[in-house]
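Here are a few short exercises to work through with the model open. Try each one yourself before reading the solution.

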Amino acid sequence: MMEQPNLSYIYSMSGGDKDFEKKLINIIKAEFPEEKKTYYKNINSDNFNKASENVHKLKHKISILGLEKSYEMAVDYENNLKKASTVGRKDFDAILQLITDFINTL
């Protein structure tokens, strides 16, 4: 079972500042879909170097959402892409879908 995003992590990062909380959530909502789209474009064209750059950016969104295990998986997947391997792609795709579903509720 996949872990769920943890908004309390975002709130703790903000130090109770409601404006900062909103800013973090808005950054994820604004940037994540385009980063995900670019990742799929690069991975589907076997551009592993560019795809690993996309995973690096997506990894930060995963971290902000408090997805610790998913973050570790993203680190491993980024390293695999640097070696021109798509090992772990299915797991990473599942993480991206989880975040997509989550941000659609925000």
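**Exercise 1.** How many helices and how many strands does the protein have?

*Solution.* Some ground rules to start: this is a predicted model, where local features need pLDDT of at least 70, side-chain atom pairs count only at pLDDT 80 or more, and totals for chains, interfaces and linings use all residues. Residues are numbered from 1 along each chain as its sequence is written, and side-chain values use heavy atoms, with hydrogens and water left out. Now count the DSSP runs (helices: H or I, at least four residues; strands: E, at least two; numbered from the N terminus). You get five helices and zero strands.

**Exercise 2.** Which parts does the salt bridge between Glu31 and Lys61 tie together?

*Solution.* Check the pair: a salt bridge needs a side-chain nitrogen of Lys or Arg within 4 Å of a carboxyl oxygen of Asp or Glu, and here N to O is 2.8 Å. Glu31 sits in helix 2 (residues 18-44) and Lys61 in helix 3 (residues 48-64), so the link joins parts 30 residues apart in sequence. Glu35 belongs to a salt-bridge network with Glu31 and Lys61.

**Exercise 3.** Lys82 pairs with Glu78; is Glu78 buried or exposed?

*Solution.* Take the cut-offs: buried is under 20% relative accessible area, exposed over 50%, partly exposed in between (1.4 Å probe, protein chains only). Glu78 has 5%, so Glu78 is buried, while Lys82 is exposed at 52%. Their salt bridge spans 3.6 Å, N to O, and the two are four residues apart in helix 4 (residues 68-82), about one helical turn.
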